[in-house]
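Reader: I have a model open and would like to learn how to read its aromatic rings. Could you walk me through it?

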Amino acid sequence: MTDAPVPILMYHSVATSPNDATRALSVAPEAFVEQMALIGDLGLTPLTTADLAARWRAGRPLPARPVLITFDDGYEGVHRHALPALAKHGFPATLFVSTGWIRGAYDTGGGLDAMLDWRQVRELAAAGVEIGGHSHTHPQLDQLGDEALRTELSRCTEIVGDELGARPVSFAYPYGYSDRRVRRAVREDGYVQALAVGNALARRRQGPYALQRVTVRRSTGVEEFERLLHGRALARTFARDRALTKGYALVRRARQVRRKAIRSRV
């Protein structure tokens with residue numbers, strides 16, 4: 001079935017001793033190893049974001065029990081800890097980089113913990129990890145004006161293209177936030193699919209610029225992880241997250257209205 005639900009796992013840091021800023025959304029290296037082994041034991045087939053989206057666009061069937069393994073931001077542990085576990089099983093994955101957080105010539109100093117450098121990003125790409133865009137400085141894109149939004153996207157796209165020799169085709173919204181204007185800008189910048197959060201399984205009918213993911217964090221035990229892979233009890237597992245998201249969405253929408261009103265008076 002081309003519209004079968006697909007679990008897209010969202011990871012951030014993989015670290016033994018993460019700092020306070022990244023701890024909750026980090027995963028211990030030994031937990032990541034166990035999770036990858038479970039994916040293998042269950043007979044799931046990992047895909048990159050680009051592969052999944054291409055199959056859905058063309059109406060081609062998915063492999064048996066597909067799953068996506070994705071990482072946001074660009075933490076150093078993806079290379080140090082995650083890559084060996086992925087390589088052991090021959091699993092592809094997708095890494096979405098905030099280019100201003102990667103150590104090197106474009107570093108803005110905003111990275112929250114130990115970050116990758118561009119040599120490591122290239123090694124990940126050579127090992128079969130798709131490199132996608134995640135903006136330049138990781139802002140809430142829907143809170144930016146049009147010019148700043150375009151700059152965040154184009155800067156990220158250009159840097160990844162320059163460093164890797166190919167423009168990224170997949171994008172992940174920082175914090176998972178987007179609206180119609182942001183999704184249009186992402187499409188106009190050349191991305192052909194983009195991931196949100198949502199903590200639900202991805203389906204083709206969500207559209208290529210609003211595919212949902214499920215969050216894996218430090219508190220995710222192996223039994224809960226297996227439930228995520230099967231799409232079971234997601235509403236209960238993420239009930240608090242969804243309540244907070246709805247509340248904050250109202251706040252952010254009010255901010256947008258105020259900004260538009262101020263701009264109209266200028």
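Author: Happily; we will start with the overall picture and then turn to the ring pairs. Keep in mind that this is a predicted model. The protein has nine helices and eight strands, and 49% of its 266 residues count as buried.

Reader: How is a pair of aromatic rings described?

Author: Two values do the job: the distance of the centres and the angle of the planes. In this structure there are seven aromatic pairs. One of them joins tyrosine 11 and phenylalanine 32, with 5.1 Å centre to centre and 75 degrees between the planes, which makes the pair edge-to-face.

Reader: Which parts of the chain does that pair link?

Author: Distant ones: tyrosine 11 sits in strand E1 (residues 8-11) and phenylalanine 32 in helix H1 (residues 29-41), 21 residues apart. Both tyrosine 11 and phenylalanine 32 are buried.

Reader: Why is the pair of tyrosine 175 and tyrosine 177 called stacked?

Author: Look at the angle: the planes of tyrosine 175 and tyrosine 177 are at 25 degrees, and planes under 30 degrees apart count as stacked. Their ring centres are 5.9 Å apart.

Reader: Are these two tyrosines buried or partly exposed?

Author: One of each. Tyrosine 175 has 46% relative accessibility, so it counts as partly exposed. Tyrosine 177, at 18%, counts as buried, because the cut-off for buried is under 20%.

Reader: Which residues do ring pairs link into a cluster?

Author: Tyr11, Phe32 and Phe71. You can now return to the tyrosine 11 and phenylalanine 32 pair and view it as part of that cluster.

Definitions and conventions
Residues numbered from 1 in each chain as written. Predicted model: local features only at pLDDT ≥ 70, side-chain atom pairs only at ≥ 80, totals over all residues. Heavy atoms only, no water. Phe/Tyr/Trp six-rings, centres within 6.5 Å; stacked < 30°, edge-to-face > 60°. Helix = DSSP H or I, 4+ residues; strand = E, 2+ residues; numbered from the N terminus. Buried < 20%, exposed > 50% of the residue type's maximum accessible area, 1.4 Å probe, protein only.
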